[in-house]
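Pull up the model and keep it in view while you read. Here's a quick tour to get you oriented before you start clicking around.

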Amino acid sequence: MTGSGNAPDGGGGGQLTLSGGGSTLVATDTVFAEMAALRGVQHEAEDWDQRLGEVQALGVGNAMAWQPGDLGVCLLGAQMAIREIADETRQLADTLAEAAEQYGRSEDGLDMMLRNSAAWLGHTAGQLSVFAPFLALSLAVPLAATAGVTMGWNTLLGRGPSLVPPWLADWLRENPRLVSDPATVRLVRALVSSADDAVLGRLGVPYPLATALGEDGAGLLGASSSALGLLAAARAAGMLRETPVRVGRVGSSPGAAAALSRPGVPAVGALGRPGALAVPLRGSATTGAAAAGATATGRTGTGAEAPTESMLAPPSPPAGFADLAGRIPTPEDGGQVRIERYGDAEHPRWVVYIGGTVEWNPAGSDEPWDMTSNVTAVADQEAGSYRAIVQALQAAGMAPGDPVVPVAHSQGGLLANQLIARGDINAVGLVTFGAPETGLPLPDGLPAIAIEHDEDIVPALGQTSGTDSRLYVRTELFAGREVPVDAVLPAHQLAGYRETAALIDGSPEPRLLAFRSTLQEIVGTAPGEQSVWQADRVG
Amino acid sequence: MDLWNPNLLPDADAEAAAALARLRRQRWLLGLVRDDVESTGRRLAGQEVGTGWRSAAQRAYTARLAELSGGLQSAWRALDDALYAVDQDIERVKAAR
């Protein structure tokens with residue numbers, strides 16, 4: 001389910017729309033809450049009826065001899081009223097479910113129509129080489145579109161080079177809602193899904209075959225393959241090159257350092273060099289750490305000054321979505337990853353917070369949360385930021401099999417999905433804010449919540465999946481208010497998602513309430529330990 | 001029937017005791033159901049329909065909820081009457097002993 005926008009009875013402006021989660025229903029959280037309440041009353045009424053049957057079975061006299069006011073008469077009246085309640089609540093709940101089902105179908109239909117149209121247009125344009133540069137740069141490379149928009153915005157704000165012509169820059173300045181319009185997001189989603197069709201059209205593959213091979217068909221081609229193609233081309237040109245990363249702890253609460261000496265978990269910092277990997281790793285992750293000489297207490301492997309480590313307070317267990325969003329690190333926190341540990345030493349439970357893209361310039365820098373990692377992650381390769389997270393988890397003392405709840409924003413969300421899909425962590429929950437959508441499979445039954453703004457273009461840049469088990473929670477952030485013009489992709493900013501998280505905490509929707517309960521069971525009630533980790537590219 | 005049969009009185013007592021036990025169990029069961037109905041009715045009455053709903057749908061839905069509340073009140077009244085009837089039966093059995 002990829003629907004966005006307002007539910008049949010919804011009007012935006014603080015309304016949450018829910019879809020997915022193994023259901024074909026799409027509706028506002030209020031509708032789902034009402035539906036659950038009605039089903040609850042229905043089941044209660046059925047139970048009452050059963051219990052009254054027990055009363056009747058104990059004996060109510062001969063019905064032929066009943067007089068008004070007799071137990072048998074009163075009992076019959078109560079049973080009739082209660083059966084009517086059960087019928088009425090079932091009908092009402094069914095009506096709401098049917099409306100949500102229809103809304104889901106119409107959303108699906110609209111998306112399908114847009115995707116088919118975009119696929120055909122993309123294929124035709126590819127065949128005719130129309131807009132070839134645009135297609136190559138923007139469609140075949142989903143995140144390059146973001147970079148383009150961002151750099152354009154930077155230009156408007158006098159912060160960097162321009163990738164857009166002046167007339168377009170002027171137009172964007174005069175129409176700030178364009179990039180942050182739900183219709184734009186929907187269009188971009190369709191265009192991104194048609195990138196493969198454009199490429200296949202350019203290669204002369206017939207349209208039916210292209211459709212069968214593409215993202216909407218066999219899935220052999222899609223955002224991942226497009227990004228992989230871009231990566232190969234860019235690296236040949238000396239851009240988007242991956243590097244080793246080094247990770248250092250820049251803040252911790254008392255006790256967090258003790259985690260490093262956890263029995264049975266090889267410590268990185270204790271020996272001043274990487275130990276055996278506690279978290280299963282693949283590819284070049286280990287070499288990155290070794291090359292950098294990562295330590296848990298400072299970045300000393302390459303001669304850089306060890307950063308001063310700040311003391312942090314022991315964290316209280318996160319109580320809800322606002323707490324989770326509020327703890328995702330930003331550049332002001334000095335690191336990209338925050339790790340919290342709850343429970344005792346024998347049974348630790350972890351919450352790992354992963355930040356979003358910090359550096360959007362495709363030219364590269366020492367920041368691993370950059371465009372190189374974005375494109376590498378979309379291509380389903382091991383990004384520098386991915387390796388940095390795994391190193392930080394290992395250094396914090398996490399052992400394979402320890403239960404973890406990843407909480408992430410933007411690029412961090414894609415990385416969290418990869419950590420789970422690759423089996424590098426034992427996730428017991430997942431929350432993402434504004435993450436690029438992904439078709440990566442999740443374990444059955446994993447409670448996974450993907451929170452998106454209708455005006456946020458970044459989730460639309462990923463690959464969608466028809467069999468997605470994630471519960472999507474969407475809202476229109478700027479409904480009824482002006483879109484800020486002083487921020488890059490304003491609907492994608494973490495500050496906006498923190499507002500939305502507070503809104504979700506107030507929702508009566510049963511699945512959102514259930515997730516909060518699950519979270520509380522995982523983290524318990526006692527304060528934990530935390531550490532913040534900073535990663536740099538080296539080499 | 002021999003009214004002076006010494007075995008008769010204990011049988012009548014046992015019958016009355018069984019009737020009382022049955023009625024008390026019925027009363028207990030009915031009381032639980034009535035309390036549950038009352039609690040659900042209060043919950044439903046205090047439930048606010050989301051403000052984001054379109055007005056026509058909201059009005060229709062609110063009307064259906066009001067009907068539902070009415071149904072719960074009817075059930076509650078019938079259960080209360082049933083409880084009164086059981087109480088009367090209990091008094092009758094007690095008086096007859």
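What follows is a short briefing on strands, the chain contact, the cores and one helix pair.

Keep in mind that this is a predicted model. Chains A and B touch through 32 residues of chain A and 30 residues of chain B. The largest nonpolar core has 112 residues, with members from chain A and chain B among its best-connected ones.

**Strands around S1(A)**
- Strand S1 of chain A covers residues 17-20 and runs antiparallel to strand S2 of chain A, residues 23-28, with three bridges joining the two.
- Look at A:Gly20 and you'll find A:Ser23 of S2(A) standing opposite.
- S1(A) and S2(A) make a hairpin with two residues between them, and A:Gly21 in that turn has a positive phi of about 65°.
- S1(A) also pairs with strand S11 of chain A, residues 471-475, again in the antiparallel sense, over four bridges.
- On that side, A:Leu18 has A:Val473 in S11(A) as its bridge partner.

**Where chain A meets chain B**
- On chain A, 32 residues are in contact with 30 residues of chain B.
- Helix H1 (29-57) and helix H2 (71-128) of chain A each put at least two residues into the side of chain A that touches chain B.
- H2(A) gives the most to that side, with 12 residues.
- By type, the chain A side splits into 14 nonpolar, 11 polar and seven charged residues.

**Nonpolar cores**
- In the largest core, the residues that touch the most other members are A:Ala78, A:Ile389, A:Ala392, A:Leu415, B:Ala75 and B:Ala82.
- Leaving out residues up to four places away in sequence, A:Ile389 touches A:Val337, A:Ile354, A:Leu415 and A:Leu419.
- There's also a second, separate core of 14 residues, with A:Val188, A:Leu191, A:Ala460 and A:Phe478 among them.
- As general background, nonpolar side chains tend to be buried together in soluble globular proteins.

**Helices H13(A) and H14(A)**
- Helix H13 (residues 384-395) and helix H14 (residues 411-421), both of chain A, pack at an angle of about 65°, and their axes are 10 Å apart.
- The crossing of H13(A) past H14(A) is right-handed.
- H13(A) brings A:Ser385, A:Tyr386 and A:Ile389 to the contact, while H14(A) brings A:Gln411, A:Leu415, A:Gln418 and A:Leu419.
- The residues of this contact divide into four nonpolar and three polar, with no charged ones.
- A:Ile389 and A:Leu415 turn up again here: both belong to this helix contact, and both are listed among the best-connected members of the largest core.

Definitions and conventions
Residues numbered from 1 in each chain as written. Chains lettered and ligands numbered in written order. Predicted model: local features only at pLDDT ≥ 70, side-chain atom pairs only at ≥ 80, totals over all residues. Pairing = 2+ DSSP bridges. Contact = placed C-beta atoms within 7 Å. Nonpolar A, V, L, I, M, F, W, Y, C, P; charged D, E, K, R; others polar. Core = buried A, V, L, I, M, F, W, Y, C linked by C-beta atoms within 7 Å. Buried ≥ 20, exposed ≤ 12 C-beta atoms within 10 Å, placed from the backbone. Axes fitted to C-alpha atoms, helices over the stretch in contact; angles between N-to-C directions. Left-handed = near helix turned anticlockwise from the far one by under 90°.
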